Amino acid sequence: MFLVFLLIPLLGLAFVGWHLWMLLPLTGVWKSVVIGIGIACFLTLFLDMSGTLDRLPLPLARILYEVGTTAILVVLYLIIIFVVLDIGRLVHLVPHSWLHANAVTSVAIGGTLFVVFLCGNIHYHHKVRVPLEMTSTKPLDKDYTIVMASDLHLGYHNTRTTLAQWVDMINAEHPDLILIAGDIIDISVRPLMDEDMAAEFRRLQAPVYACLGNHEYYAREPKARRFYQEAGIRLLQDSCAAEGALCIIGRDDRTNSHRKALGKLMQQTDKSKFTILLDHQPYHLEQAEKAGIDFQLSGHTHEGQIWPISLGTHYIYECDWGEHRRGSTRYYISSGLGIWGGKYRIGTQSEYVVLNLRMSAD
């Protein structure tokens, strides 16, 4: 299976490389240089995946992370562009000359990619505040303002400076509670430790609860748990906690095939309290409905992060983004405050949710 996942991007890279060789109006030497640089940037992605970045100086590791994760997105869009042009040529809408040693086509494609990724980067840095109103038929001791987020992906690309901005943004909401639905860490705890990002989390002015995501497992789950402890984040790993009139349940990520069933976790709870479930990956939403959960917060999907990957997440998940409802159970699937890889949002948004929870008037 690993070889299949490795083969697919390499075939895509070969497809793009061949088309660039045919398209660029350069001598063979300069074509080799340009395509060689592109291949080197793409292969940098495997440094990200192998753990090599942890052995490099932090500034260099950051550059290589950005280069590798951006390169794979550029290759994806070049594949789409060249497939469209090839189809156009087959149906005689695109002249053969457009795809062979053509400076105009080369500049047009390069300019299009520049604009798309520039706009995607600007859009990523714009964090959308999503207001959410909810009433409870169960008794509350007060009205609650709860800031909710997921998928911060702190690491080589989302740095302490970025986290400080997010902390200020959350504190400005004056929340009673902060909930994070996993993937606080990206691929390694090392940059979080080197920059002492735990100190920024300790500036949050409300209790913070979180569950694990799959990326905490990629970053080595014991190290992730130690970071949560240093940061003052209360980790709910197949456990629950009472916060006033609320009961908060945190499931372990489904990466752990031995995590507890939701039904068993519900046996530990006070069912008279308004129950909030943190479950990073939004699979099997019917389980929360069956268990009598009042509200579930999930993330993980990023809503695909960029188009057209978002088309895939729409197909895979019952709900891959936004509000959802099954019976009396409500859900919010967040597209994430941060992001994995290159900082681009194309057709999706980076967001945090501000939930105002009130007693029902009935």
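## Pockets, a cavity and a helix face

The largest pocket here has a volume of about 1,800 Å³. What you're looking at is a predicted model, where local features need pLDDT of at least 70 and side-chain atom pairs count only at pLDDT 80 or more, while totals for chains, interfaces and linings use all residues. Residues are numbered from 1 along each chain as its sequence is written, and side-chain values use heavy atoms, with hydrogens and water left out.

First, some terms. On a 1 Å grid over the protein atoms alone, a pocket is an open set of points with protein on both sides within 12 Å along at least five of seven lines, a cavity is a set where a 1.4 Å probe fits but cannot get out, and lining residues have an atom within 4 Å of a point. Volume is the space filled by probe spheres set on the points, which are joined across faces, edges and corners.

| Space | Volume | Nonpolar, polar and charged lining residues |
|---|---|---|
| Largest pocket | about 1,800 Å³ | 27, 15 and six |
| Second largest pocket | about 510 Å³ | 17, six and no charged |
| Largest cavity | about 70 Å³ | 11, no polar and no charged |

In these classes, Ala, Val, Leu, Ile, Met, Phe, Trp, Tyr, Cys and Pro are nonpolar, Asp, Glu, Lys and Arg are charged, and the others, Gly among them, are polar.

Of the 48 residues lining the largest pocket, M49, I72, H215, Y218 and W340 lie nearest its centre. For the second largest pocket, with 23 lining residues, that spot goes to V16, L20, G38, V74 and L78.

As for the largest cavity, its lining includes W166, F201 and L337. Helix α6 gives the most, with four residues. (Helices are DSSP runs of H or I, at least four residues, and strands are runs of E, at least two, numbered from the N terminus.)

Now for helix α10 (residues 221-231): E221, A224, F227, Y228 and A231 are buried, meaning under 20% relative accessible area with a 1.4 Å probe, protein chains only. Down the axis of α10, these buried residues fall within an arc of 115°, so they line one face of the helix. The arc uses the directions from the helix axis to the C-beta atoms. Just after α10, G232 has a positive phi of about 75°.

Finally, T348 sits in the loop between β11 (329-333) and β12 (350-359). T348 is buried too, at a relative accessible area of 4%. A polar atom of the T348 side chain lies 2.7 Å from the backbone oxygen of Q305.

Notes. Buried < 20%, exposed > 50% of the residue type's maximum accessible area, 1.4 Å probe, protein only. Polar contact = N/O pair within 3.5 Å; in protein donor to acceptor, adjacent residues only side chain to side chain.
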